[in-house]
Amino acid sequence: RTIGFSSDGRWLVSVSLSGMVTRWGMTSEEELHTFRFSERGIARQDPVTLSPDGHWLAVGSGAGKAAKVAVWDVATGRELYTFKSSGEVGTLGLGPGARWLASSGERGDASIRLLEVSTGQARRTVESVIAPGVLALSRDGRWLATASEDDPVLGPRQDHTVRLWEATTGQQLDTLRGHRGPVSAIAFGPD
């Protein structure tokens, strides 16, 4: 379902649809640690994201009043935090050190919520023009990037742009144009 590297490049994390998370040693090519974060597995539409340093995992699941987001420590397999969501979770972005979590809704909801993970408090809601299909937080948690994807139910909602936001204020700083098709992934570089 998703993979990510540790910031030092010494291990790789893989997450499967069966709900298993495995941490692999890059030099030994051995399985270092495995845990199950979901007994039922995850649906293809459930958002899953790793923090940029590969230490934290966030998973959104459920719908309606059962919707939630859980944050896990990949090294220990321990669930650190669980947040109730006000509706179905569409996409997630997790900052380094699991300090900030960005969450957007599903099916036309253009709101992006920024949560402080240690307190569970919503710190900011960013109102986008188009519901994001993918998002990313910068390593320092200062910037948020969003891009939209087509929705199988609502149809095309893609303008083929990436929007850059200041996460602390929710102010849109720039719109990056020039993609000739849907933007399906975005990431910030290490610096």
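**Exercise 1.** Leaving aside neighbours within four places in sequence, which residues is Tyr81 in contact with (heavy atoms within 4.5 Å)?

*Solution.* Start with the partners: Val69, Ala70, Val71, Val117 and Ser118. A quick note on what you're looking at: the model is predicted, with local features needing pLDDT of at least 70 and side-chain atom pairs 80 or more, while totals for chains, interfaces and linings use all residues. Residues are numbered from 1 along each chain as its sequence is written, and side-chain values use heavy atoms, leaving out hydrogens and water.

Next, place the residue: Tyr81 belongs to strand β8, residues 78-84 (strands are DSSP E runs of at least two residues, numbered from the N terminus). At 28% relative accessibility, Tyr81 is partly exposed (buried is under 20%, exposed over 50%, partly exposed in between, for a 1.4 Å probe and protein chains only). Finally, take a distance: the C-alpha atoms of Tyr81 and Gly120 are 8.0 Å apart, although 39 residues separate the two in sequence.

**Exercise 2.** Which residues have the most contacts inside the largest nonpolar core, and which strand gives the most to it?

*Solution.* Begin with the roster: this core holds 13 residues, and Val13, Val15, Val21, Phe37, Leu57, Trp72 and Val74 have the most contacts inside it (a core is a set of buried Ala, Val, Leu, Ile, Met, Phe, Trp, Tyr and Cys joined through side-chain atoms within 4.5 Å). Then look at the suppliers: at least two residues come from each of β2 (11-15), β5 (48-50), β6 (56-61) and β7 (68-73). The top contributor is β2, with 3 residues. Another core lies apart from this one; it has 11 residues, including Trp56, Leu94, Leu115 and Val117.

Now zoom in on Val21. Skipping neighbours within four places in sequence, Val21 meets Val13, Ser14, Val15, His33, Thr34, Phe35, Phe37, Leu57 and Val74.

**Exercise 3.** How many residues of β6 are buried, and how many bridges join β6 to β7?

*Solution.* Count first: 6 of the 6 residues in β6 are buried, so the rest of the structure largely encloses this strand. Then split the strand by face. Trp56, Ala58 and Gly60 are on one side, Leu57, Val59 and Ser61 are on the other, and both sides are covered.

On to the partners. β5 pairs with β6 in the antiparallel sense through 3 bridges (pairing takes at least two DSSP bridges), and Thr49 sits opposite Ala58 in β6. The β5–β6 hairpin has 5 residues between its strands, and there Gly54 adopts a positive phi near 75 degrees. With β7, the run is again antiparallel, with 6 bridges, and Val59 has Ala70 of β7 as its bridge partner.

**Exercise 4.** Thr161 and Arg139 both sit in loops. Is Thr161 buried or exposed?

*Solution.* Locate Thr161 first: its loop runs between β14 and β15 (162-166). With a relative accessible area of 2%, Thr161 is buried. Its surroundings, not counting residues up to four places away in sequence, are Thr146, Ala147, Ser148, Thr175, Leu176, Arg177 and Val183.

Then turn to Arg139, in the loop between β13 (134-137) and β14 (143-147). Arg139 is partly exposed, at 34% relative accessibility. To finish, go C-alpha to C-alpha: Arg139 and Phe188 are 7.4 Å apart, with their positions 49 residues apart along the chain.

Conventions. Helix = DSSP H or I, 4+ residues; strand = E, 2+ residues; numbered from the N terminus. Contact = heavy atoms within 4.5 Å.
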